[in-house]
Protein chains: 2
Amino acid sequence: MIIIFPMQKKEIITIHDIARKAGVSPSTVSRVMNNTVPVADNKREAVLAAVAALNYRPNILAQNLVRGRSMAIGILTQNIASPFYGEIHQGIEQGLKDSGYHPLFVVGNWHLPEELVALETLTMRQVDGIIMLAGTIPDERVRQVAATTPLIMAGRWVKGLEQQCLQIDNIKGSYEATCHLLQLGHRRIVLLQGVLNHGDAVERRLGYEQAMREANLEIDPQLIIDGQFTRQSGLLAVEQLLNRNVFFSAMFAMNDEMAYGARLVLYRRGLRVPEDISIIGFDDTVQSAYTTPPLTTIRYPMFEMGLQAAQAILKLIQGETVILPLLPTQLIVRESTVRYHQ
Amino acid sequence: MIIIFPMQKKEIITIHDIARKAGVSPSTVSRVMNNTVPVADNKREAVLAAVAALNYRPNILAQNLVRGRSMAIGILTQNIASPFYGEIHQGIEQGLKDSGYHPLFVVGNWHLPEELVALETLTMRQVDGIIMLAGTIPDERVRQVAATTPLIMAGRWVKGLEQQCLQIDNIKGSYEATCHLLQLGHRRIVLLQGVLNHGDAVERRLGYEQAMREANLEIDPQLIIDGQFTRQSGLLAVEQLLNRNVFFSAMFAMNDEMAYGARLVLYRRGLRVPEDISIIGFDDTVQSAYTTPPLTTIRYPMFEMGLQAAQAILKLIQGETVILPLLPTQLIVRESTVRYHQ
DNA sequence: ATTTCAATTGACATCGTTTTCAAATATGAT
DNA sequence: ATCATATTTGAAAACGATGTCAATTGAAAT
């Protein structure tokens with residue numbers, strides 16, 4: 001037998017109830033609630049007392065309507081379950097805390113149609129600002145949105161909107177990753193790259209090329225393989241590479257996820273990390289300190305990025321201008337890379 | 001030099017504009033927009049035409065006020081960055097899709113004070129329903145909330161509110177995990193447990209005990225060690241265990257995260273998995289298929305749980321009754337467990 | 001005691017919808 | 001045709017706040 005308890009009908013108390021109880025007008029109640037205009041001390045007390053007595057809470061829906069603001073910041077994210085985006089979300093949460101604004105997440109999955117409906121949802125819900133986390137919405141469209149709504153783009157450059165883009169120094173990070181391997185004596189370094197329609201991928205490719213060039217090594221196309229920033233794709237790419245029997249002693253995966261996939265194939269094939277193959281990743285996802293062996297990688301300041309994006313969007317909403325820094329990356333040396341010896 | 005483009009002032013078009021343009025009253029416009037009452041065909045056409053021409057979108061803020069609904073479902077989650085909760089969130093997203101409701105995430109971090117302010121945020125924002133993902137808010141308080149707002153509790157039992165709790169069969173899952181190890185010939189099985197104020201932990205303990213009892217093995221307290229469901233805590237606990245030099249050949253970690261931590265210590269100490277020690281986890285977090293070796297574990301239907309929670313809350317809001325199933329777990333055998341041989 | 005000016009206050013319009021209620025129109029039966 | 005009954009419609013009242021504007025009050029200055 002199923003017993004359903006009737007929902008307790010909660011009688012809503014309004015600003016008028018408070019006004020009546022405190023013997024003032026609703027306007028005055030509003031004034032003390034919002035501290036917008038000075039109110040005589042005795043009346044203020046009376047209002048506060050009434051508020052406390054009736055446990056009054058202003059109706060946000062009404063406030064939103066009259067103020068024309070939703071007090072929501074739309075977050076157009078790409079994956080709500082990935083640890084990478086998760087850390088950015090945490091940063092955003094933190095940055096929005098106590099601001100009165102709350103994040104409204106919609107997800108695009110790196111898939112244009114989905115991203116567009118997600119964006120549509122945000123404008124329909126009349127968010128007061130938008131933080132986009134990369135994605136594939138065309139620059140032109142992003143600029144259109146930015147023209148009518150405060151917007152911060154995190155993790156991607158949009159032409160003509162550079163002041164509102166928050167990005168890391170991909171080239172430098174990638175350059176340092178490659179240099180790390182080079183300094184350990186590696187010469188045959190595989191680059192496991194992500195899809196090249198992705199800005200991060202092309203920048204990281206540049207950093208790799210720069211480091212190789214400076215080491216006077218020519219870039220062997222056989223060493224460059226394609227993934228899609230996922231574990232699975234990393235696994236597949238390296239599997240094919242191994243089947244082709246090209247020699248290499250180290251690998252730079254453009255993100256940690258692909259490094260995990262790569263590491264698993266190597267394990268399956270009996271190749272040891274780092275004794276036989278050194279691996280370096282990119283991102284420093286939370287898992288990377290706990291893989292076996294712990295993964296050497298380039299730290300992507302995800303939390304920081306979320307935090308700064310949130311702070312920036314708040315300023316933009318206030319009509320202030322923002323100056324966004326180029327976030328630095330950092331080489332984290334753990335145990336998946338080691339000096340080369342034949 | 002920083003150039004700031006002035007925000008384009010978007011003139012809002014209201015239901016009155018449409019009414020005027022279509023030569024009808026606002027009421028009629030509302031009626032065709034919501035299909036609430038039949039409207040003469042010619043007028044309906046006129047309205048639709050006007051809507052299309054002016055690209056009219058109803059103001060949600062106004063709708064919310066007059067309807068007294070926020071069209072938001074509050075999700076009181078514990079960690080916005082963990083893959084475990086992430087998958088639940090995905091399920092919720094899916095379940096809410098096209099319902100007109102959107103999820104509003106607030107996070108509690110398994111920390112009562114934070115959870116309470118998160119809950120406060122939700123009621124302040126007047127969400128139409130609440131999905132709680134476990135947490136430490138006392139049963140009594142949960143019941144209070146449930147008395148005034150449709151509520152689904154996922155991943156935890158609340159006394160007196162069982163019909164609104166969505167839970168997995170922890171005991172069975174844990175029992176099967178232990179049996180799996182037993183069947184492989186293991187006898188000295190470490191139980192790496194989570195904090196026992198956590199319902200899942202006590203139930204999983206029960207499953208372990210039941211399996212051991214059925215195998216006529218007495219439970220050696222030395223084999224039971226305490227973690228807190230985190231990688232780090234798993235690592236620490238196993239480190240201490242190894243220092244104590246008690247013999248064991250297999251380990252059941254109450255979640256995958258702790259299994260990762262455990263696996264790393266073993267690696268550090270030169271103990272091979274699965275050759276020397278078999279490990280089984282619980283949850284089947286997305287990473288588990290890609291650890292080395294891939295982790296044998298008990299699948300926790302996270303996505304499914306999120307999906308069902310979302311569907312259930314929608315029904316509750318509609319005033320319908322719900323019957324929540326006990327979600328099944330599933331043994332996923334991968335490569336971290338193997339037959340015991342001295 | 002007036003007058004002037006500033007500080008408080010309340011009445012009321014407003015935000016953009018939905019929805020009730022009654023009026024207007026259409027339909028069908030006689 | 002006439003009447004009774006359905007069906008569509010529009011006017012106006014919510015929804016619960018904020019904020020303008022004018023009125024009131026009080027203090028200060030003459």
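**DNA strand D**

I started with DNA strand D in this predicted model. I counted 26 residues around the strand. A:Ile15, A:Ser30, A:Asn59, B:Thr28 and B:Arg31 come nearest. I then asked which part of the strand faces the protein. Sugar and phosphate make up 64% of the atoms of DNA strand D that come within 4 Å of the protein.

Next I looked up polar contacts to phosphate oxygens of this strand. From chain A, a polar side-chain atom of A:Asn34 sits 2.8 Å from one. The side chain of A:Tyr56 also places an N or O atom 2.8 Å from a phosphate oxygen of DNA strand D. From chain B, I noted B:Thr28, with a polar side-chain atom 2.6 Å from a phosphate oxygen.

Which helices supply at least two residues each of the surface near DNA strand D? I found helix 2 and helix 4 of chain A, and helix 2 and helix 4 of chain B. By class, I sorted this surface into 13 nonpolar, nine polar and four charged residues.

**DNA strand C**

I moved to the other strand. Here 28 residues surround DNA strand C. The closest are A:Thr28, A:Arg31, A:Ala40, B:Ile15 and B:Ser30. Of the strand C atoms within 4 Å of the protein, 61% belong to sugar and phosphate.

I checked three polar contacts. A:Thr28 has a side-chain N or O atom 2.7 Å from a phosphate oxygen of DNA strand C. B:Ser30 brings a polar side-chain atom to 2.6 Å from a phosphate oxygen of this strand. A:Ser27 goes to a base: a polar atom of its side chain lies 2.9 Å from a base nitrogen of DNA strand C.

I listed the helices here too. Helix 2 (26-34) and helix 4 (60-67) of chain A each give at least two residues to the surface near DNA strand C. So do helix 1 (15-22), helix 2 (26-34) and helix 4 (60-67) of chain B. That surface holds 13 nonpolar, ten polar and five charged residues.

**How the two chains relate**

I superposed chain B on chain A. The rotation is 180°, the shift along its axis 0.1 Å, and the RMSD 0.2 Å. That is the relation of a two-fold axis. I then compared the interfaces. Of the interface residues of chain B, 98% are also interface residues in chain A, so the copies meet through the same surface.

**Sheets of chain B**

I turned to the six-stranded open sheet. The strand order is 2-1-3-4-5-11 in chain B, and the pairing is parallel. Strand 2 (102-107) and strand 11 (326-327) stand at the edges; each has a single partner strand, so one side of each lacks a neighbour in the sheet. I followed strand 11 to its pairing with strand 5 (residues 165-168), which is parallel and runs over two bridges. There, B:Ile168 has B:Leu327 as its bridge partner.

I then took the open sheet of four strands. Chain B orders them 7-6-8-9, again with parallel pairing. At the edges I found strand 7 (224-226) and strand 9 (278-280), each with a single partner strand, so one side of each is left without a neighbour in the sheet. The twist averages 20° from one strand to the next.

Last, I looked at one pair inside this sheet. Strand 6 (residues 189-193) and strand 8 (residues 250-253) of chain B pair in the parallel sense over four bridges. B:Leu192 stands opposite B:Ala253 of strand 8.

Notes
Residues are numbered from 1 along each chain as its sequence is written. Chains are lettered from A and ligands numbered from 1 in the order in which they are written. This is a predicted model: local features need pLDDT of at least 70, side-chain atom pairs count only at pLDDT 80 or more; totals for chains, interfaces and linings use all residues. Side-chain values use heavy atoms; hydrogens and water are left out. A residue is near a molecule or strand if one of its heavy atoms lies within 4 Å of it. A polar contact is a pair of N or O atoms within 3.5 Å; within protein, one must be able to donate a hydrogen and the other to accept it, and residues adjacent in sequence count only if both atoms are side-chain atoms. Ala, Val, Leu, Ile, Met, Phe, Trp, Tyr, Cys and Pro count as nonpolar, Asp, Glu, Lys and Arg as charged, and the others, Gly among them, as polar. Copies are superposed by least squares on the C-alpha atoms of residues with pLDDT of at least 70 in both. Contact means heavy atoms within 4.5 Å. Two strands pair if DSSP finds at least two bridges between them. Axes are lines fitted to C-alpha atoms, for helices over the stretch in contact, and angles run from 0 to 180 degrees between N-to-C directions.
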